[in-house]
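Biologist: Please take a close look at one part of this model, the largest pocket, and tell me what lines the pocket and what surrounds the ligand.

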Amino acid sequence: MSEDAATVAVRAPAKLNLHLGVGARRPDGYHELTTVFQAVSLYDELRLSPAGELTVTVCGEGAETVPSGRENLAGRAVSALAALAGCSPAVAVAIRKSIPVAGGMAGGSADAAAALLGCDALWGLGLQRPALDTLAAALGSDVPFALHGGTALATGRGERLTTVLGQGDYHWVFALAAGGLATPAVYAELDRLRAAGDSRPGGDPQAVLAALRLGDVPALGRALHNDLAEAAFSLRPQLRRVCEAGRELGAVGSVVCGSGPTVALLTRDASDAVKIAAALAGLDVCRTVRRAVGPVAGARITAAGGGGVPGRPARSKPG
Ligand code: C5P
């Protein structure tokens with residue numbers, strides 16, 4: 001079998017949080033969350049091929065700041081799945097980044113989800129979804145959603161998912177910042193602000209869920225909320241200006257993506273998104289601008305080779 005025939009290609013989407021309610025810090029250091037995730041059409045692409053040993057290489061925007069090799073979350077995903085399957089993690093993983101690095105859009109989690117799905121296909125394991133979800137949750141709070149995609153309500157530390165039934169496509173403009181923010185630093189800043197009485201939890205996701213049920217874009221724009229925004233603004237004051245600029249340009253709402261520093265602007269429709277993206281790119285408030293639509297599916301195989309685990313029959317149906 002040629003190397004190409006054995007290569008599995010997978011893509012996985014970025015996410016934003018339409019509502020992110022952060023509760024108390026738990027004894028394990030994580031915070032109890034109530035969040036509504038939406039997967040959007042910015043994708044990282046992974047190619048996985050049999051190799052002599054596990055390697056992870058990264059190209060694309062911001063690649064130089066992403067760990068390569070086994071320290072990469074996708075490499076850890078390959079190792080975790082190999083341990084479960086009882087096989088060698090000897091896979092070459094090539095990641096092409098489009099999701100902003102350390103941008104609050106779960107790019108690393110997307111890569112881990114794609115690696116799980118890709119190795120499952122490459123090794124012909126046919127794992128069922130619950131097994132993949134358990135592995136995903138152990139790798140990071142956002143990894144299960146990167147598998148799930150669509151729109152989902154999440155609780156726990158973000159790993160317990162319920163599909164949200166909604167209607168409509170949502171047209172987003174993303175303002176990408178120069179340099180990322182480390183998620184633990186943003187949560188720590190929120191803890192500091194709350195201890196000082198400078199930030200309070202901001203309610204429940206009911207308004208977001210109601211807007212999604214109706215496909216009501218302006219109502220969704222008004223309902224967007226992120227408890228981490230104050231902490232992200234405290235660490236990056238410029239982000240307030242990005243949100244203001246978006247609304248001045250006609251966005252129906254703005255919200256910091258996860259722990260930031262990417263800011264998402266909700267627009268009325270596709271043509272509004274084009275206009276707002278172009279106008280925002282002309283202002284000196286962010287590094288660059290992207291457009292995307294949500295909701296989209298979670299991690300998916302786009303080209304399937306895969307020969308199964310050497311010495312083991314491949315299962316016929318992936319789970
Ligand atoms: O789960 P993940 O590795 O993505 O989380 C990164 C960091 O973000 C955690 O180490 C923690 O500092 C913070 N976090 C949190 N509460 C959550 C999710 C993440 O405090 N629910």
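**The largest pocket and its ligand**

Modeller: The largest pocket has a volume of about 1,100 Å³. The model is predicted, so local features need pLDDT of at least 70 and side-chain atom pairs count only at pLDDT 80 or more, while totals for chains, interfaces and linings use all residues. Residues are numbered from 1 along each chain as its sequence is written, and side-chain values use heavy atoms, with hydrogens and water left out. A pocket here is an open set of points on a 1 Å grid over the protein atoms alone, with protein on both sides within 12 Å along at least five of seven lines; lining residues have an atom within 4 Å of a point. Volume is the space filled by probe spheres set on the points, which are joined across faces, edges and corners.

The lining comprises 44 residues, and those closest to the pocket centre are Leu 73, Ser 109, Asp 142, Thr 183 and Pro 184. Strand E1 (8–25), strand E2, helix H2 (73–85), helix H3 (107–122) and helix H6 each give two or more residues to this lining; helices (H or I, at least four residues) and strands (E, at least two) are DSSP runs, numbered from the N terminus. H6 provides the largest share, five residues. By class, the lining divides into 19 nonpolar, 16 polar and nine charged residues, where Ala, Val, Leu, Ile, Met, Phe, Trp, Tyr, Cys and Pro count as nonpolar, Asp, Glu, Lys and Arg as charged, and the others, Gly among them, as polar.

The ligand sits in this largest pocket, meaning that more than half of its atoms lie within 2 Å of the pocket's grid points. Around the ligand are Gly 29, Tyr 30, His 31, Leu 33, Gly 140, Ser 141, Arg 157, Thr 183, Pro 184 and Tyr 187, each with a heavy atom within 4 Å of it. This shell divides into four nonpolar, five polar and one charged residue. H6 gives the most to the shell, with three residues.

Polar contacts (pairs of N or O atoms within 3.5 Å) add detail. A side-chain N or O atom of His 31 is 2.7 Å from a ligand oxygen, and a polar side-chain atom of Tyr 30 lies 3.4 Å from an oxygen of the ligand. Arg 157 places a backbone N or O atom 3.1 Å from a ligand nitrogen. The protein covers 76% of the 450 Å² of accessible area that the ligand has on its own, by the Shrake-Rupley method with a 1.4 Å probe.

Terms used: A polar contact is a pair of N or O atoms within 3.5 Å; within protein, one must be able to donate a hydrogen and the other to accept it, and residues adjacent in sequence count only if both atoms are side-chain atoms. On a 1 Å grid over the protein atoms alone, a cavity is a set of points where a 1.4 Å probe fits but cannot get out, and a pocket is an open set with protein on both sides within 12 Å along at least five of seven lines; lining residues have an atom within 4 Å of a point.
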